[in-house]
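Here is a short set of exercises on helix packing, nonpolar cores and single-residue surroundings. Try each task with the viewer open before you read its solution.

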Amino acid sequence: VNYEAEGGITALLNIGASVMNINVLKDGVSIFTRDITVGGNRYIEALQRDAGLSYDDAEKVKRGESVEGGDSEQLKGIVSTVTEDIVGEVQRSFDFFRSTTGSEAVTRVLICGGCARIPDFPRVLSERLEMPVDVINPFKNIKVDPKHFDAGFISESAPLAAIAVGLAMRR
């Protein structure tokens, strides 16, 4: 087990390209789930629509890379706006969770999926929710042979592999 159930309420967010899965746990037991059709594709769509970028350039900007001919301030603004929109969806889901379950508030968030790799996303989420947000590393307690796998690749792909590693470890 990579992440022990700490006291309080933990939210697991898997934010992929088109869907965000929210699973709220209390003492390691799921007490609330929600799927929302929001994800990293929002960045691509906004960058293509508002800045006229190609798909490939929009993908680069989403990852924090610069692109030739792009107004960096405009692009940062677009990315920031989309981040705020996605974070707002998380906040509304947490508010819905509290109002429908009568439970105490979420105290910790673990995120995975493509959005976990977007620069500043975890920080903005943490600041807006006013709680710790950590990017899941499913390889945390798995020994990886450096002869077979590049450590940089493992680190970079970790947020994308959480579900696959979890399923592989099931009994």
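The exercises below work through this predicted model, each with its solution.

**Exercise 1. Find the angle at which α1 and α2 cross, and classify the packing.**

Start with the two helices: α1 covers residues 41-51 and α2 covers residues 55-62. Their axes come within 9 Å and cross at roughly 120°. Angles of 65 to 115 degrees would count as roughly perpendicular, and those over 145 as roughly antiparallel. The pair falls into neither class, so α1 is oblique to α2. As for handedness, α1 passes α2 in a right-handed crossing.

Next, list the residues that meet. From α1 come Y43, I44, L47 and Q48, and from α2 come Y55, A58, E59, V61 and K62. Sorted by class, this contact has six nonpolar, one polar and two charged residues.

One more detail is worth a look at the end of α1: the helix is followed by G52, whose phi is positive, near 70°.

**Exercise 2. Work out which residues of α1 are buried and which helices they pack against.**

Buried means under 20% relative accessible area. In α1, this picks out Y43, I44, A46 and L47. To read such a list along a helix, recall that an α-helix has 3.6 residues a turn, so residues three or four places apart point the same way. The buried residues of α1 pack against α2, α3 and α4.

**Exercise 3. Describe the contact of α1 with α3.**

Take the geometry as the opening step. The axes of α1 and α3 come within 10 Å and cross at roughly 140°. The two helices are therefore oblique to each other, and their crossing is right-handed.

Then go to the residues. On the α1 side the contact is made by R42, Y43, A46, L47, D50 and A51. On the α3 side it is made by Q74, L75, I78, V79, V82, T83, D85 and I86. The residues of this contact divide into nine nonpolar, two polar and three charged.

**Exercise 4. Do the same for α3 and α4.**

Here the axes are 10 Å apart and the helices pack at an angle of about 45°. That makes α3 oblique to α4. The crossing of α3 and α4 is right-handed.

The contact draws on T83, E84, I86, V87, G88, V90, Q91 and F94 of α3, together with F121, V124, L125, R128 and L129 of α4. By class, there are eight nonpolar, three polar and two charged residues in it.

**Exercise 5. Which residues of the largest nonpolar core touch the most other members, and which elements supply it?**

The core has 39 residues, and L13, F94, V106, V109, F121 and L125 touch the most other members. The elements that give two or more residues to this core are β1 (9-15), β2 (20-26), β3 (29-36), α1, α2, α3 (72-101), β4 (108-112) and α4 (121-129). The largest share, nine residues, comes from α3.

Now zoom in on L13. Not counting residues up to four places away in sequence, L13 touches N21, I22, V90, F94, V109, L110, I111, C112 and L125. Apart from this core lies another, of five residues, among them F139, I154, A161 and V165.

**Exercise 6. Decide whether N14, G16 and A105 are buried or partly exposed, and list what they touch.**

Begin with N14, in strand β1. Its relative accessibility is 17%, so N14 counts as buried. Beyond its neighbours within four places in sequence, N14 is in contact with V19, M20, N21, C112, G113 and I163.

G16 sits in the loop between β1 and β2. At 22% relative accessibility, G16 counts as partly exposed. With residues up to four places away left out, G16 touches G39, G40, G114 and C115. Of these, G114 is 98 residues from G16 in sequence, yet their C-alpha atoms are 5.3 Å apart.

Finish with A105, found in the loop between α3 and β4. A105 counts as partly exposed, at 28% relative accessibility. Not counting residues up to four places away in sequence, A105 touches I9 and R98. The C-alpha atoms of A105 and F94 are separated by 7.7 Å, with the two residues 11 apart along the chain.

Technical notes. Residues are numbered from 1 along each chain as its sequence is written. This is a predicted model: local features need pLDDT of at least 70, side-chain atom pairs count only at pLDDT 80 or more; totals for chains, interfaces and linings use all residues. Side-chain values use heavy atoms; hydrogens and water are left out. Axes are lines fitted to C-alpha atoms, for helices over the stretch in contact, and angles run from 0 to 180 degrees between N-to-C directions. Helices (H or I, at least four residues) and strands (E, at least two) are DSSP runs, numbered from the N terminus. Angles under 35 degrees count as roughly parallel, over 145 as roughly antiparallel, 65 to 115 as roughly perpendicular and the rest as oblique. A crossing is left-handed if the near helix is turned anticlockwise from the far one by less than a right angle, and right-handed if clockwise. Contact means heavy atoms within 4.5 Å. Ala, Val, Leu, Ile, Met, Phe, Trp, Tyr, Cys and Pro count as nonpolar, Asp, Glu, Lys and Arg as charged, and the others, Gly among them, as polar. A nonpolar core is a set of buried Ala, Val, Leu, Ile, Met, Phe, Trp, Tyr and Cys residues joined through side-chain atoms within 4.5 Å. Buried means under 20% relative accessible area, exposed over 50%, partly exposed in between (1.4 Å probe, protein chains only).
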